[in-house]
Each structure stands twice: as C-alpha cells, then as structure tokens.
Amino acid sequence: MKIAVYIVVAIVAVVLVLGLRAAALSFWAERADYVRTAPKPISRYPERTGIPGLAEISFADASGHRMAGWYAPSRNRGAIVLVHGTGTDRSSLLFETGFLAETGFGVLAFDLPGQGASEGRTRWGVPERQSISAAVDWLSARTDVDPERIGGFGASMGAYVMTQAAVLDPRLRAVTLAASPNDVVEQNWLAADDWGVLTQISNYLALRAYGQSLDMMPKDVIGKIAPRAVFIIGGELDELVPKSMALQLYAAAGDPKELWIVPRAHHLDYARVAAEDYRTRVTEFFKRTLLQ
C-alpha cells in the first residue's frame, strides 16, 4: 500500500513540475514578443539588398523616439508603409519591399518601437499606432509622394496594429493585412494551448505584464476603415493565426474588401509557396486603390 502511495505522489510531483515548467516557458515565450529583437545585419546595409535606391532613413514618432527604417523613392507618386511582426525587424519584409519598389511605389519599411534599431518600447498598441502615423507624416512631406496615395501593409502583429492605425488615420488610403490576429487574447489563447488553461493563463499574464493594450481589437474596429479598401490575406495551413481569423476579419470589414486564403501556406510563407501570385495580388491591389 505504501509503495502505491509513493508512486502516486511521485507521479503527481512529476506532473506538477512539468506543468509549472510548461507554464514558465509559456510566460517567457510570450515575453519575447515585447523584448527587442536585434537588427539583422542586412538592415544596416540596404545597398546589399539589390533594391535600387533603397537607403537608410529615420524619423521621430509622437514621443520623440527615433524610428529606423529603409526607403525606396516613389516613381508613381504612390507609397506604402510596411510594418513587420514579432521577433523580427524590417528585413523580414525584404521580399515585399522589393516587389513594391519594382512596381514604382515608394516603400517605407521601418522597425517598430523597441525593435530592431528603433528607440522606444514595444507594446503592440499605442506606440506602434503612433509610429505608423509618424511614417505617414514622413511620406506626406516628400516631394516624390502624393499624400492622397499612401497605403499600408502589415504582417502578423504588424497587421494587427496596422488595422488600428488605419482606423485612426484616414490618410492610409488602402491597407493589406497579412496573417492578422483578429483578437490578441484569442490568438494567444490558441497558440498557448499545450497544457490547456495552465499555459494559457501564464501566457495571458505575460501579455498583460508587458503592457499589451486590449483596446481596438481588429475584429471590432476593422469595419471603420471603410470606405477605404482592405485586402486580407491568410494561410490555409496557418496554425499561429488560423484562417478562421482571416475569414472573421473579412466578414467584419466594410466594402470595398478582398480576401485571399493562400493554398498550402503556413504563417507568412506566401513568398515560398506562391511567390508570383502573392506579388501580383498585392501589387494589383495597391495599383487599383492608390493609383486610379
């Protein structure tokens, strides 16, 4: 009998230790989204990208923090602000920077606050929205850009804050939202379900501890972008931001709106599985909405 009790106690202890370890790992994994990701080497050497005219630039956000970025001058009077997601910097959007610049758009890809080479702190909320509007300010002051022909492209959490920025800043005349969570709590709840509520709660605690604001969930506000155009992209096999979120965002968006669920695509790997189709769909969307 005593042996059986010892075995049960040992099993409970092992499960408890493993559970606590899983909870701690979930907390630290979420914490990583709010910690600076160092700039990739290529970010400091835009001339090595092969994109003609691409150069390092900087501008100040509403708090006076310096935002670091790249800019390729416009040849068609239109311009696009590119916004990256978590755990990376502007270089994650090198493919998009390249094909939009090749089409003739001015392209401003920058590191969000607290990421890459930009100053400030990451919150995936107010600071990011303000930095996007500051990028629009910077573009609007350029002689090569028509202020009425500025659009935005966001990837993952970059799309999350791009949605919010577009609601608040009508100067963004059209936006493409790639793999955007419709609700940051719901998305993290899905991503942290390894141990059920145990890891989900620790993930949520990290999200709150590092200042994530819970206002302006895209599913609740995306409809306010209309009548400006929205293009929503999702991956058929995306496990991080499931295609159901793209479908929900599309349903909540006002007209005009477009949706593309990329076949065989996981999270943001559109350039790998459908490069030409991806390039064509995004550039044609911005041509229709900004140049005509």
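**Entry 1. Overall picture**

I began with burial across the chain: of its 292 residues, 51% count as buried. I note at the outset that this is a predicted model. I then looked up the secondary structure and found 10 helices and 8 strands in the chain. For the contacts, I considered those with a separation of 6 or more, and 73% of them join residues 24 or more positions apart.

**Entry 2. The sheet**

I next traced the strands. They include an open sheet of 8 strands with mixed pairing, and I recorded the order as E1-E2-E4-E3-E5-E6-E7-E8. Strand E1 (55–60) and strand E8 (257–262) are the edge strands, since each pairs on one side only. Neighbouring strands of this sheet are turned by 20° against each other on average, with direction ignored.

I then examined one edge of the sheet in detail. E1 pairs with strand E2 (residues 66–72) in the antiparallel sense, over 6 bridges. As one example of a partner in E2, I noted Ala68, which is the bridge partner of Ser58.

**Entry 3. The nonpolar cores**

I looked up the largest nonpolar core and found that it has 43 residues. Phe59, Phe110, Leu139 and Leu172 have the most contacts inside this core. Helix H4 (residues 157–168) gives the most to it, namely 8 residues. Apart from this core lies another, of 32 residues, and I listed Leu82, Ala178, Phe285 and Phe286 among them.

I followed Leu139 further. Not counting residues up to four places away in sequence, Leu139 touches Tyr71, Ala79, Val81, Leu108, Val145 and Ile150.

**Entry 4. Ser131**

I located Ser131 in helix H3 (residues 126–140). Is Ser131 buried or exposed? Its relative accessibility is 0%, so I entered Ser131 as buried; the cut-off for buried is under 20%. Leaving aside neighbours within four places in sequence, I found Ser131 in contact with Phe59, Asp61, Met67, Phe110, Leu112 and Pro113. Two of these names, Phe59 and Phe110, I had already entered among the residues with the most contacts inside the largest nonpolar core.

**Entry 5. Helices H5 and H8**

I turned to helix H5 (residues 184–191), where Val184, Gln187 and Asn188 are buried. Why do they lie on the same side of H5? They cover an arc of only 95° around the axis, which puts them on the same side of the helix. I recalled a general point here: an α-helix has 3.6 residues a turn, so residues three or four places apart point the same way. At the N-terminal end of H5, I found Asp183 acting as a cap, with a side-chain oxygen 2.9 Å from the backbone nitrogen of Val185.

In helix H8 (residues 243–252), I listed Met245, Ala246 and Leu249 as the buried residues. They cover an arc of only 100° around the axis, and therefore they are on the same side of H8. What do the buried residues of H8 pack against? I found that they pack against H5, H7, strand E7 (229–235) and E8.

**Entry 6. Tyr210**

Finally, I looked up Tyr210, which lies in the loop between helix H6 (197–209) and helix H7 (218–221). Its relative accessibility is 24%, so Tyr210 counts as partly exposed. I also compared Tyr210 with Ala32: the two are 178 residues apart in sequence and 9.9 Å apart in space, C-alpha to C-alpha.

Notes:
Residues are numbered from 1 along each chain as its sequence is written. This is a predicted model: local features need pLDDT of at least 70, side-chain atom pairs count only at pLDDT 80 or more; totals for chains, interfaces and linings use all residues. Side-chain values use heavy atoms; hydrogens and water are left out. Buried means under 20% relative accessible area, exposed over 50%, partly exposed in between (1.4 Å probe, protein chains only). Helices (H or I, at least four residues) and strands (E, at least two) are DSSP runs, numbered from the N terminus. The arc is that of the directions from the helix axis to the C-beta atoms. A polar contact is a pair of N or O atoms within 3.5 Å; within protein, one must be able to donate a hydrogen and the other to accept it, and residues adjacent in sequence count only if both atoms are side-chain atoms. Two strands pair if DSSP finds at least two bridges between them. Axes are lines fitted to C-alpha atoms, for helices over the stretch in contact, and angles run from 0 to 180 degrees between N-to-C directions. A nonpolar core is a set of buried Ala, Val, Leu, Ile, Met, Phe, Trp, Tyr and Cys residues joined through side-chain atoms within 4.5 Å. Contact means heavy atoms within 4.5 Å.
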